[in-house]
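Here is a briefing on a predicted model, arranged by topic. Look over the sequence and the structure first, then read the notes below.

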There are 2 protein chains.
Amino acid sequence: MTLKTKGRPRGFDADAALDRAIEVFWEHGYEGASLTDLTSAMGINRPSMYAAYGNKEELFRRAVARYAEHDMAYARAALAEPTAYKVIEKFLTANADALTRPDRPAGCLSIQGGLAGGSDDGEIAQFLATSRLAGERALAERLAELDLPAGTDPAALARYVMTVSEGNAVHAAAGVDRASLYATIDFALRAVPA
Amino acid sequence: MTLKTKGRPRGFDADAALDRAIEVFWEHGYEGASLTDLTSAMGINRPSMYAAYGNKEELFRRAVARYAEHDMAYARAALAEPTAYKVIEKFLTANADALTRPDRPAGCLSIQGGLAGGSDDGEIAQFLATSRLAGERALAERLAELDLPAGTDPAALARYVMTVSEGNAVHAAAGVDRASLYATIDFALRAVPA
DNA sequence: TCAATTTTGTATCGCTCGGTATGGAATGAA
DNA sequence: TTCATTCCATACCGAGCGATACAAAATTGA
């Protein structure tokens, strides 16, 4: 799969470097993560970053894509559960686990990355919002396939679940521990048709 | 109440200027709001801002304090309701209204202001988190006074309600409309003891 | 062995950031 | 009128930002 390269070979693993960039963006947000922070965490120099990823915004988009693929695999796994209640229960608990992993920053990259539009016209915030709403739509579509009581809107239920998930992410970023998030989920599940 | 001043009188209303600063922080976040953005919205020059408020961080803290006093008065009003269910119902609906006021930025300053620790070591994010948790504690204390079923932890219930509120704030900032937030609240209230 | 190609390290670019020095303008007190 | 005091406006500061120019280093193909 490695195509024959002509020039000097790259001295670092682009995916491993991306993993380190993910954590920097996760902790400091898009705007708060400076190129000095990023490249020093990635173990490379600035020109290497620009050659490999384009610019800071592209690096961020690649980081979010990789984050969605790896750190949010639990969400796709939860969709495989056989009932609506179990899908939601598994999604929320696995989400709470991910929000409080001891070896990772607290919270969720797609929220920590940036909610407010900073210097740009909210381009980053909008990109993250779109990506979150895509997850919400995927959940709604899965719920629509499953056994919901008549009159229950799958899209509204999915939005409720994502709302709890995002609120938990805000709490986790503030230092709230895993057990407390579980307690919140216990309440949240009481609103879900069994 | 105006004490006799000696020198040249101030040429602007400090509270009105603060209201304009609130909106800039609300839209762009603490880091994303530059002094040029702020002072031009406030209609004053930089030295006037520094003379009146100290520095950018102090301006932000004053803005958040004024925001809590004015734009979040609905929260204190909701606490006056006579039952736990009504307190929570009124808090969440008034919150959804505030998150989607057409004459104000979408979402909530205490979340839009900044979740991730930027250049500083998360001092702003921590300040905002502390202020949000103070609101949560106030709600918990009020719920503890009211009629909850035996075995219901007021602190956990308050945390659940704030989680929904914060999730709605994230959704509102992403452009979700008021009716959708209401639908989320309809689900959320099903978990609240009546 | 040499040209072609790509990456790497250094040093720097122009720009914007938060913050300030300075002098003139506007007031109250004497 | 004059002084002391306070505020306003211009112009500027050092620092850090994202992004790059340039040449040395490392590889492939001829």
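Helices (H or I, at least four residues) and strands (E, at least two) are DSSP runs, numbered from the N terminus. This is a predicted model, in which local features need pLDDT of at least 70 and side-chain atom pairs count only at pLDDT 80 or more, while totals for chains, interfaces and linings use all residues. Residues are numbered from 1 along each chain as its sequence is written, and chains are lettered from A and ligands numbered from 1 in the order in which they are written.

**Surface near DNA strand D**

- A residue is near a molecule or strand if its C-beta atom, placed from the backbone, lies within 6 Å of it.
- Among the 24 residues around DNA strand D, those that come nearest are A:R8, A:S34, B:G7, B:R8 and B:G11.
- Two or more residues of this surface come from each of α2 (35-42) and α3 (46-53) of chain A and α3 of chain B.
- The most is given by α3(B), with 4 residues.
- By class, the surface near DNA strand D has 7 nonpolar, 8 polar and 9 charged residues; Ala, Val, Leu, Ile, Met, Phe, Trp, Tyr, Cys and Pro count as nonpolar, Asp, Glu, Lys and Arg as charged, and the others, Gly among them, as polar.

**Chain A overall**

- Chain A has 10 helices and 0 strands.
- The C-alpha trace of chain A spans about 60 × 40 × 35 Å along its principal axes.
- Of its 194 residues, 43% count as buried, meaning that 20 or more other C-beta atoms lie within 10 Å of the residue's own (exposed: 12 or fewer; partly exposed: in between), with C-beta atoms placed from the backbone.
- Two residues are in contact if their C-beta atoms, placed from the backbone, lie within 7 Å.
- Of the contacts in chain A with a separation of 6 or more, 62% are between residues 24 or more positions apart.

**Interface between chains A and B**

- In this interface, 35 residues of chain A are in contact with 35 residues of chain B.
- On the chain A side, at least two residues each come from α1 (14-32), α7 (109-112), α8 (123-145), α9 (154-173) and α10 (178-189).
- The most comes from α9(A), with 12 residues.
- The side of chain A that touches chain B divides into 16 nonpolar, 13 polar and 6 charged residues.

**Symmetry**

- A turn of 180 degrees and a shift of 0.0 Å along the axis lay chain A on chain B with an RMSD of 0.1 Å, the copies being superposed by least squares on the C-alpha atoms of residues with pLDDT of at least 70 in both.
- That is the relation of a two-fold axis.
- A:G167 is the residue of chain A that comes closest to the rotation axis, at 2.1 Å (C-alpha).
- Both copies use the same surface, as 100% of the contact residues of chain A recur in chain B.

**Two sites in chain B**

- Helix α2 (residues 35-42) of chain B has B:L38, B:T39 and B:M42 buried.
- These residues cover an arc of only 85 degrees around the axis, so they are on the same side of α2(B); the arc is that of the directions from the helix axis to the C-beta atoms.
- The cover over the buried residues of α2(B) includes α1 (14-32) and α3 (46-53) of chain B.
- B:G43, just after α2(B), takes a positive phi of about 75 degrees.
- B:A96, in helix α6 (residues 84-99) of chain B, is buried, with 25 other C-beta atoms within 10 Å.
- Leaving aside neighbours within four places in sequence, B:A96 is in contact with B:N168, B:R178, B:L181, B:Y182 and B:I185.
- B:A96 and B:A179 lie 83 residues apart in sequence and 9.0 Å apart in space, C-alpha to C-alpha.
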